[in-house]
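These are my notebook entries on a single structure. I record what I looked up and what I found in each case.

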Amino acid sequence: MASVVVVGTQWGDEGKGKIVDLLTRYADCIVRFQGGNNAGHTLVVDGKQFICHIIPSGILYEDKACMIGNGVIIDPDVLLEEMNDLADRGLPVTPERLMISENAHLIMPYHKSLDLAKEASLAKGKKIGTTGRGIGPCYIDKVGRVGIKAGEMRDPDLFEDKLKANVEEKNFLLTRKFGLEPLSFEQIKSEFEGYAEKISPFIGNVSMALDKARKDNRNILFEGAQGTQLDIDHGTYPFVTSSNTIAGNACIGSGFGPAHIDSVIGILKAYTTRVGEGPFPTELPEGDKIGDELQS
C-alpha cells in the first residue's frame, strides 16, 4: 500500500471512516493530520459502534501505530475521554500505540468561550454554524504565534508564561467586547497540570517517526477529516472549517515529505449533505420527508 492519503471530496460525511477502516488492515501506521474534535469517524466493528474524534481510527487494531500530527488541534479533555472510553471497551491506549506530535496545538477553555461568544453575536445569515468547540480561535492563535503546543505542557514555566499572557488578552475580549465573565488563570493552570501528567508520555516527534517508518518500508495511511468544500482556502468560504482539508495538507500536518506520497483516494457519495450554515442550492428544508428518508 505504501503511503496513501484518504480525503473527503464534498462537505464531509462521505463515509471516509469505512474506507479508512478497510485500508487500515493493510497499513502499519495511521496518521490524523488536521482538524480537531469537530470531526471524526464513526465505525462499526463486530457490531460495536466506535466514534473517534481525535484518535486515528486505526487504534481499534492492536498491532497498528497511530499518530496525531502537528496539523491537528487537541482538546485534552476530549482526548482523555476517548482514551478512557477505549480502555473501558478493552482497547487500552498506550504510548506504544499512540504518538501525539509535540507541535500539535492545544484547544484551551478560552478558545471555546470565544467561539461560542462570536457565533452568538453574528446576525442571522452570517452565522458560520460552528460547533462551538474552540476550533477557529485555536487556529487563529496558532497563526498569530501565541498558541500553546502539546510539547509545551512538559515545560511548566513556559506553559505558565504563555497561559498568563493568553488569559489576560482573552479575558479582555470576553469582558469588554462580549460582556461575559472572565476566566480563571489558576483554574485553567491547575486543570492543564493534570492533563500534562497524563498526556506527556504520548508526546513525541511524529515527523521523525514517520520518516523512520518510511525507511523501514512500512505502509502509512493518512486520514483526513471533513471534506474539500470545507477547506479554508479552497472551500465555500467563509462557510468552511479553519484548516486545510485537502490531500496536500497530509504532508504539512504531519511533517512527511510530499515526494513520498504514493496515492490519494478521494471519497464521495451519491448525494451531498453538509454540517453547519452556508449556501447549499439543493438543500431540503428541516423536517422534509425526503430529507429524513435520505438521512436514515
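**Entry 1. Salt bridges**

How many salt bridges does a search of the whole structure find? I ran the search on this model, which is predicted, and obtained 12 salt bridges. I then examined several pairs individually.

The pair Lys162 and Glu152 forms a salt bridge, and I noted 3.1 Å between the closest N and O atoms. Lys162 belongs to helix H5 (residues 156-177), while Glu152 sits in the loop between helix H4 (135-143) and H5, so this contact ties together parts that are 10 residues apart in sequence. I also looked up the accessibility of the acidic partner: Glu152 counts as buried, at 14% relative accessibility.

Next I turned to Asp211 and Lys215, which form a salt bridge with the closest N and O atoms 3.1 Å apart. Both residues lie in helix H7 (residues 206-215), and their separation of 4 residues is about one turn of the helix. Asp211 is partly exposed at a relative accessible area of 28%, whereas Lys215 is exposed at 55%.

I also recorded a salt bridge between Asp216 and Lys212, for which the closest N and O atoms are 2.8 Å apart. Asp216 is partly exposed, with 42% relative accessibility, and Lys212 is exposed, with 53%. Separately, I found that Asp141, Glu169 and Lys170 are joined into one network by salt bridges that share partners.

**Entry 2. Helix faces**

Since H7 had already come up, I asked which of its residues are buried. I listed Val206, Ala209, Leu210 and Ala213. Viewed down the axis of H7, these buried residues fall within an arc of 100°, so they line one face of the helix. On the face turned away from the buried side I found the exposed residues Met208, Lys212 and Lys215. Two of these names recur from the previous entry: Lys212 is the salt-bridge partner of Asp216, and Lys215 is that of Asp211.

I repeated the exercise for helix H1 (residues 16-24), where Lys16, Gly17, Val20, Asp21, Leu23 and Thr24 are buried. Seen down the axis of H1, the buried residues fall within an arc of 165°, so here too they line one face of the helix.

**Entry 3. The sheet**

In what order do the strands of the open sheet stand? I read the order of its 7 strands as S9-S7-S5-S2-S10-S1-S11, with parallel pairing. Strand S9 (203-204) and strand S11 (263-267) stand at the edges; each has a single partner strand, so one side of each is left without a neighbour in the sheet.

I then followed the pairing of strand S2 (residues 29-32). It is joined to S5 by 4 bridges, the two strands running parallel. Arg32 has Ile68 of S5 as its bridge partner. S2 is also joined by 4 bridges to strand S10 (residues 220-223), again in parallel, and there Ile30 stands opposite Leu221.

From strand S5 (residues 65-68) I moved on to strand S7 (residues 98-101): 3 bridges join this parallel pair. Met67 stands opposite Met99 in S7.

Which way do the side chains of S2 point? I noted Cys29 and Val31 on one side, with Ile30 and Arg32 pointing the other way, and all are buried. As background, side chains in a regular strand alternate between the two faces of the sheet.

**Entry 4. Cysteines**

I counted disulfides and obtained 0. Cys29 is in no disulfide, the nearest cysteine sulfur being that of Cys66, 8.8 Å away. A disulfide would require the two sulfur atoms to lie within 2.5 Å, which is why this pair is not counted. Cys29 is buried, with a relative accessible area of 2%. Cys251 is likewise in no disulfide; its nearest cysteine sulfur is that of Cys29, at 15 Å. Cys251 is buried, with a relative accessible area of 12%.

**Entry 5. A nonpolar surface patch**

Finally, I asked which residues form a nonpolar patch on the surface. I found Tyr271, Leu284, Ile290 and Leu294, which together have about 360 Å² of accessible area. I looked further at Ile290, which is found in helix H9 (residues 289-295). Ile290 is exposed, with a relative accessible area of 57%.

Note on methods
Residues numbered from 1 in each chain as written. Predicted model: local features only at pLDDT ≥ 70, side-chain atom pairs only at ≥ 80, totals over all residues. Heavy atoms only, no water. Pairing = 2+ DSSP bridges. Patch = residues over 30% accessible without salt bridge, like charges linked within 9 Å, V, L, I, M, F, W, Y side chains within 5 Å. Areas by Shrake-Rupley, 256 points an atom, 1.4 Å probe, with all protein chains shown as cover. Salt bridge = Lys/Arg side-chain N within 4 Å of Asp/Glu carboxyl O. Buried < 20%, exposed > 50% of the residue type's maximum accessible area, 1.4 Å probe, protein only. Arc of directions from axis to C-beta.
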